[in-house]
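Hi,

Here is the structure I said I would pass on. Have a look at it first, and then read my notes underneath.

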Amino acid sequence: MIVAVIGGGKIGEAVARSIAKSQAVEKVFVTKRNITTLKSTLQSEEKKIFVLQDNKSAAKDSDLIIISVKAGDAKHVLADIAQFASGKIVISLMAAVSIRKLEASLPNSKIVRAMPNIAASIGEAITAYSLGSKVKEKKDVDEVQFILGSFGDYVEVPENLMDAVTALSGSGPAYIAVLIEAMVSAGLKVGIPRDIAFKLVTKTLTGTANLLSQKKSTMHPAELRDLVTTPAGTTIAGIYELEKGSLRTSVMNAVDAATAAAEKVAKKFEEAD
Ligand SMILES: NC(=O)c1ccc[n+]([C@@H]2O[C@H](COP(=O)([O-])OP(=O)(O)OC[C@H]3O[C@@H](n4cnc5c(N)ncnc54)[C@H](OP(=O)(O)O)[C@@H]3O)[C@@H](O)[C@H]2O)c1
């Protein structure tokens, strides 16, 4: 299979790197307007990746197309590839651009809207996706899941949840990074050297997430919290301060605000011609 990634920015480069690792993928074309830096790094590191400026030829010579430009560049890019995307699966990673808009620009393509996150660069993204009206056959759904699976895990969602997904798991790595910074600072405050605190915090985070999300686990986060919280112990002293500082409400407010911001941008693009 040959894949074109239109827009080799942060997320485009991340997914291209992971897709190229799959044995079933023969080549990955990555396009950009300014290719100088990406061409010298990406092409020398990943032998299956070819960096170019020409969206048309990338779309023409590929079996499946991924769009990862900013929503503001969508119109131009969709016009570029329309003629060559006919009959092909087109996976848009763009926030704010609806399936309706994509299908209007690429009426003969099989549209999928997806929202990954930056952990795609190490094959650890979670991607929420919604299928367009032309993706019905099992072989097409399998192909979509194969591509999304090459850069992490995936889950299908109704399209009306996409702005909320953008706010929760699309932006999520940034929230987690803030939390990690805060916990490393906390470690420093109680006398733990920075490098050791970083290792303790990141491994605690991934270990806890893995413990809760492993397939056989039915453990609710509250159960895990209770399991390690003993009466008058150290953990409850810490949790008391977290609750006093309204961590829970802050997180809910953050995702709420990010969803509202995503909805505002989506509305702007939906109303544009
Ligand atoms: N970043 C994330 O964590 C994340 C997560 C999920 C989804 N997304 C979505 O992914 C999309 C890209 O986000 P990003 O963060 O990767 O942005 P980015 O780093 O700015 O990348 C966008 C890329 O698109 C390229 N581009 C713009 N116009 C083009 C054109 N006409 N032809 C070919 N390439 C063109 C740009 O190339 P030049 O630099 O050469 O102009 C740039 O490399 C957005 O729609 C965003 O909503 C991002």
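Below is what turned up, going from the overall layout to the details. Keep in mind that this is a predicted model.

Layout first. The domain assignment splits the protein into domain 1 (2–159) and domain 2 (172–260). Taken over C-alpha atoms, the centres of domain 1 and domain 2 are separated by 33 Å.

Next, the inside. The largest nonpolar core has 60 residues, and the members that touch the most others are Val 5, Ile 6, Val 28, Ile 65 and Ile 66. Helix α1 (residues 10–20) supplies the largest share of this core, with six residues. If you want one residue to click on, try Ile 6: beyond its neighbours within four places in sequence, its contacts include Ile 65, Ile 66, Ile 67, Val 69, Val 77 and Ile 81. Ile 6 is also in contact with some polar company, including Thr 31, Asn 55 and Ser 68.

Now the ligand, which is probably what you'll open first. There are 27 residues around the ligand, and Gly 7, Gly 9, Arg 33, Met 94 and Ala 95 come nearest. The elements giving two or more residues to this shell are α1 and α4 (74–81). Of the shell, α1 contributes the largest share, three residues. By class, the shell has eleven nonpolar, eleven polar and five charged residues.

Then there is helix α12 (residues 247–271). Is its length what you would expect from its 25 residues? At 1.5 Å a residue, α12 should span 36 Å, and its end C-alpha atoms are 36 Å apart, so the two agree. Helix α12 is hardly covered, though: two of its 25 residues are buried.

Finally, two backbone oddities you may want to look at. Ala 96 has a positive phi of about 75° despite not being a glycine. Ala 96 sits in the loop between β5 (89–92) and α5 (99–105). Ala 232 does something similar, with a positive phi of about 55°, and it is not a glycine either. Ala 232 belongs to the loop between α10 (221–227) and α11 (234–244).

Which of these is buried and which exposed? Ala 96 has 21 other C-beta atoms within 10 Å, so it counts as buried, since the cut-off is 20 or more. Ala 232 has 6 other C-beta atoms within 10 Å and therefore counts as exposed, the limit there being 12 or fewer.

Cheers

Key:
Residues numbered from 1 in each chain as written. Predicted model: local features only at pLDDT ≥ 70, side-chain atom pairs only at ≥ 80, totals over all residues. Core = buried A, V, L, I, M, F, W, Y, C linked by C-beta atoms within 7 Å. Helix = DSSP H or I, 4+ residues; strand = E, 2+ residues; numbered from the N terminus. Contact = placed C-beta atoms within 7 Å. Expected span 1.5 Å × (residues − 1). Near = placed C-beta within 6 Å. Domains from an automatic or database assignment.
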